[in-house]
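Please find below a colleague's note on the structure, arranged as numbered points.

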Amino acid sequence: MIRDILREVDYSTFATLALLLFVLAFVAAGIKTLWLTSREESCEQANIPLSDGKRSDQ
Amino acid sequence: MEAYQYDEGITRQFVTATLVWGMVAFLVGIYVALQLVVPQATFGLDFLTFGRLRPLHTNAAIFAFAGNAIFAAIYYSTQRLCKARMWSDVLSQLHFWGWQLIIVCAAVSLPLGITQSKEYAELEWPIDLLIAVVWVGFFGVNFFMTLVKRRERHLYVALWFYIATIVTVALLHVFNNLVVPVGLFKSYPIYAGVQDAFMQWWYGHNAVAFFLTTPFLGLMYYFLPKAANRPVFSYKLSILHFWSLVFLYIWAGPHHLHYTALPEWASSLGMVFSVMLWMPSWGGMINGLLTLRGAWHKVTEDPVLKFFVVGLTFYGMSTFEGPMLSVKSVNALSHYTDWTIAHVHSGALGWNGFMTFGMIYWLLPRIFQTELYSRKLAEWHFWLGTIAILLYILPIYWAGITQGLMWYGLTETGHLMYPDFVETTQRLMPFYWIRVVAGVLYLGGGALLSINVVRTWMSRPAVYESPVYYAPALSRDYVDPPVAESELTAVLNVARKLDVFSRMGWHRRWERLPMYFTFWVIVAVVAASLFEIIPTFLIRSNVPTIASVQPYTPLELVGRDIYVSEGCYNCHSQMIRPILSETKRFGDYSKPGEFVYDRPFQWGSRRIGPDLAREGGKQSHLWHLVHLREPSSLVKGSIMPSFAWLEQRELNFKTIPDRVRAASFLGAPYTDSELQNAIELAHAQARQIAKDIVTQNGPAGLEDKQVVALIAYLQRVGTDLFKPAPVAAPAEQPVAAQPVESEQAK
C-alpha cells in the first residue's frame with residue numbers, strides 16, 4: 001500500500017511547498033531581525049569583533 | 001574574572017600551510033592549463049595526464065589552499081569572538097596535522113589514478129574516513145566545545161557561518177561518499193546513474209556553498225570590520241543574509257543537471273532557488289562594501305582593504321553570474337563549456353583568493369608580532385593578482401561562449417555548422433595561451449606574498465609575547481531580559497500568548513545557545529535536502545527501466561574502472577541533452593534508464609573532448625587502439641594526451657571477481673555463472689577483441705593488456721538502448737556477456 005501511495009504522489013508539488021517553506025522562514029527571520037531586535041542590542045553585537053578582550057597590561 | 005591566552009601558534013601553522021599549498025595549487029593549475037595547448041607536456045607519463053592532475057589542482061585549490069585559509073580564519077577569530085582559547089590544543093594540533101596528512105594522501109593518490117571520479121569528492125574511501133574523523137572528531141568537537149566554554153554571551157554572526165560550514169560539510173561528505181569498497185584503493189558508490197548524479201551535485205554545489213562561501217563570509221564579517229576598524233554596516237542585514245543563504249543554497253544543486261535525466265520539477269526548483277540566491281548574496285556583498293562607508297580613503301592606502309574590496313566585488317560578480325547560469329536557457333548554451341570554468345575562477349581567484357590574501361596580510365604583523373616586511377610588495381601583489389584574474393576570466397568567457405555557439409551552430413539546411421568537434425577546440429587555442437600567462441601572473445603574486453611572509457617571519461621577536469586577557473565567565477544562571485507582556489486587550493488569552501511568542505524572545509535565547517542554534521541550522525539544511533532527495537529516490541518513473549540495458553560484462557566493468565581511474569570524465573561527458581545540435585552531433589539523447597548500472601556515473605561537466613555517450617560501435621577496435629596510443633595521428637589538432645602505456649601494461653584479471661561481486665551486491669543482476677566464471681568470461685572477451693584487432697591489421701598479443709578492457713568498455717557505451725531486450729534465459733546462462741561480444745565482433 002505504501003508503495004502505491006508513493007507512486008501516486010505528485011512530487012511536483014514539492015517545488016511549491018519548498019517555496020512556501022522558504023517564504024515563511026524568510027518572513028519569520030525578517031520580522032525577528034528588522035522589528036524585534038533593538039538598535040542598541042544590534043550595535044552592541046556588531047561591535048563584538050572590534051575588541052579582543054581586556055589585556056592584563058592595559 | 002578569568003584569565004586566558006589565545007593560541008596564536010595554530011593560526012601561524014594554518015597560515016603557513018595556506019601559503020605552501022596555495023603555491024602548489026597555482027603551479028599545478030598552470031601545468032594542466034599548459035597541457036591544453038601543449039598536450040606533449042605529459043611526456044608520455046601516466047601520472048602527469050590532465051585527467052589525473054586536474055582533480056589534484058581542484059582539490060589543492062579547494063581543500064588545501066582555501067581549506068587551510070578558513071581554518072586559519074576560524075582559529076584566529078573564534079577564540080576572540082568567544083573570549084576563550086580553543087578548547088583543546090591537542091585537538092587543534094590533531095586537526096592541523098590530520099588535514100595536512102589528508103592533503104598529502106590526495107597529492108599521492110590522485111596522480112596514481114586512485115579516484116572516485118566525483119568532482120571535488122575524488123578521494124577514495126580510506127581518505128574519506130580520515131576526512132570525517134579530522135573534520136568532525138578533531139575540528140568540530142574542538143570548535144563546538146570552545147563555543148560551550150566561551151565568555152562572550154552572544155554568538156557573533158561570523159560564528160553562525162562557521163557553524164553552518166562545519167555541520168553541512170560533514171553531512172555532504174558522509175552522504176556523498178557512501179560506497180562499497182572493492183579493495184583499499186577502489187570502491188563503488190551505493191548510488192547509481194541518475195541518483196548518483198543527483199547526490200554528487202547536491203554535494204558538489206553545496207561544497208561550493210559551505211566550503212567556499214559560508215566560511216569566507218564568516219571571515220569577511222570578522223576581518224573586514226577589524227581591518228576597517230568599524231562595525232559591519234548592518235548587523236541586522238547580516239542575520240538576514242545568514243538565514244536566507246543557509247536556507248536557499250542547499251536547494252540549488254539540480255541546476256548542474258539541466259536537460260539531463262533529472263525530473264523536470266527538481267530541475268526547475270533548483271533554478272528558482274538559484275535565482276533567489278542572488279538576493280542574500282548581494283545583501284552580503286553590499287553589507288561588506290558599506291562597512292567601508294566614510295572610510296574609502298583607507299582603501300587607497302591599505303593593501304588589506306584593497307584585497308577585501310576586490311574580493312567582495314568578485315563575490316558579487318560570481319553570485320550574480322551563478323544564478324544567471326542556472327537559468328535553463330542560458331545553461332543550455334553554457335553547460336559543458338569553458339564559461340563555467342571562467343565563472344568558477346572568478347569566484348576562486350577573486351573571492352576566495354583575495355579574501356585569503358587580505359586576511360594573511362592583516363594577520364602577518366599580529367601573528368609574527370612585527371611590522372609587515374614590505375607594504376610595497378603587498379601592493380604589487382594586489383595589482384598583479386587583479387590583472388591576472390581579469391586576464392584569466394575574460395578570454396575564458398570568450399572561449400566558453402565561442403564553444404557554446406560553435407556547438408549550437410546549424411546551417412540554413414539544418415546541418416551542423418561545425419561538424420568536427422576538434423574545430424571548436426582549435427579555435428580556443430589563443431584563449432588557452434592567455435590563460436597560461438594569467439596563471440603565471442597569479443603565481444607571481446603568490447611568490448611576492450611568500451617573500452613578504454618569509455621576510456616578516458624572519459624579523460619576528462626571539463620569543464613571542466603571549467598576553468593574558470581577562471573576562472568574566474558566563475554565569476550558569478543567566479536569565480534573559482524579560483519579554484514585555486502583550487499589550488493586546490479584549491482578546492482571548494491564546495492571542496496574548498501568541499503575541500508574546502511572536503516577539504521571538506526564544507530566538508534570542510538560541511543566539512546564545514550554540515547547540516540549539518546548530519540544531520536549527522541542521523533542520524534548515526536537512527529539510528531542504530530531503531525535499532529534493534527523497535522524491536528523486538522514490539519515484540519509479542524517474543528512472544524507467546529499459547529492458548535491453550544489461551550489466552557490464554566482467555571485462556567491460558574493469559575497463560570502465562580504467563576509464564574512471566584515468567579521469568576521462570574531466571574532458572568527456574557521457575550525457576547527450578535533448579537539444580537538436582547535440583543529438584545531431586553525438587546521437588540519440590541519453591535516457592535515465594541507461595545508467596542504472598553506472599557506479600559512479602560518468603556524465604562529466606565539461607567537454608574539452610566530444611561526448612562519449614554513444615561512442616560504442618562508432619569506431620573499430622583498432623581505431624581506438626591507435627587513438628589511445630597517439631590521438632593526433634587520427635584526429636588532427638586533437639589535444640588529448642597519449643595513453644600508450646595502456647598497451648604495455650598487463651591487466652590484473654585476478655581483481656575482476658571482486659569487482660563483479662561488488663556490482664552484484666549493489667544490484668546488478670549477474671548470474672551465478674558470471675559471478676563464478678568472471679575471469680574466464682573476461683579472458684574470452686579479451687581474446688575476441690585482440691583477435692579482431694589483428695584482423696583489422698593491428699598488432700597481436702594484446703589479449704592481456706589494459707587497453708583491451710578499456711576498448712571493451714568504450715565499445716559498449718550507449719549501445720544497449722538499440723539492442724533487442726534479452727529473451728528470458730535459463731538461470732545459469734550468462735545472458736549479458738554473449739550478445740555484446742557477438743555485436744562487437746561484427
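**Notes on the model**

1. Chain A holds three helices and one strand (DSSP runs numbered from the N terminus; helices are H or I of at least four residues, strands are E of at least two). Read from the N terminus, its elements follow the order α-α-α-β. Of its 58 residues, 31% count as buried (under 20% relative accessible area with a 1.4 Å probe, protein chains only; over 50% is exposed, and partly exposed lies in between). Chain A has an accessible surface of about 4000 Å² (Shrake-Rupley method, 1.4 Å probe), and carbon and sulfur atoms account for 64% of this surface.

2. This is a predicted model, in which local features need pLDDT of at least 70 and side-chain atom pairs count only at pLDDT 80 or more, while totals for chains, interfaces and linings use all residues; side-chain values use heavy atoms, with hydrogens and water left out. Residues are numbered from 1 along each chain as its sequence is written, and chains are lettered from A and ligands numbered from 1 in the order in which they are written.

3. Chain B is divided into domain 1 (2–458) and domain 2 (554–744), with bounds from an automatic or database domain assignment. The centres of the two domains of chain B, taken over C-alpha atoms, are 34 Å apart. Contact (heavy atoms within 4.5 Å) joins 58 residues of domain 1 of chain B to 52 residues of domain 2 of chain B.

4. The largest pocket has a volume of about 910 Å³. Of the 40 residues in its lining, B:His572, B:Gly609, B:Pro610, B:His627 and B:Met640 are the closest to its centre. A pocket is an open set of points on a 1 Å grid over the protein atoms alone, with protein on both sides within 12 Å along at least five of seven lines; a cavity is a set of points where a 1.4 Å probe fits but cannot get out, and lining residues have an atom within 4 Å of a point. Grid points are joined across faces, edges and corners, and a volume is the space filled by probe spheres set on the points.

5. Where does the largest pocket lie with respect to the two domains of chain B? Both domain 1 (2–458) and domain 2 (554–744) of chain B give residues to its lining, so the largest pocket lies between them. H22(B) makes the largest share of this lining, with four residues. The lining of the largest pocket comprises 22 nonpolar, 12 polar and six charged residues (nonpolar: Ala, Val, Leu, Ile, Met, Phe, Trp, Tyr, Cys and Pro; charged: Asp, Glu, Lys and Arg; polar: the others, Gly among them).

6. The second largest pocket has a volume of about 630 Å³ and is lined by 26 residues, with B:Gly113, B:Ile562, B:Ser565, B:Arg659 and B:Gln706 nearest its centre. H20(B) gives the largest share of this lining, five residues. By class, the lining of the second largest pocket has nine nonpolar, seven polar and 10 charged residues. At least three of its residues come from each of domain 1 (2–458) and domain 2 (554–744) of chain B.

7. There are 11 cavities of 30 Å³ or more. The second largest cavity holds about 190 Å³ of space, and B:Tyr552, B:Glu594, B:Asp598, B:Val717 and B:Gly718 lie nearest its centre among 17 lining residues.

8. B:His205 is found in helix H6 (residues 193–212) of chain B and is buried, with a relative accessible area of 8%. Beyond its neighbours within four places in sequence, B:His205 is in contact with residues including B:Tyr249, B:His255 and B:Leu277.
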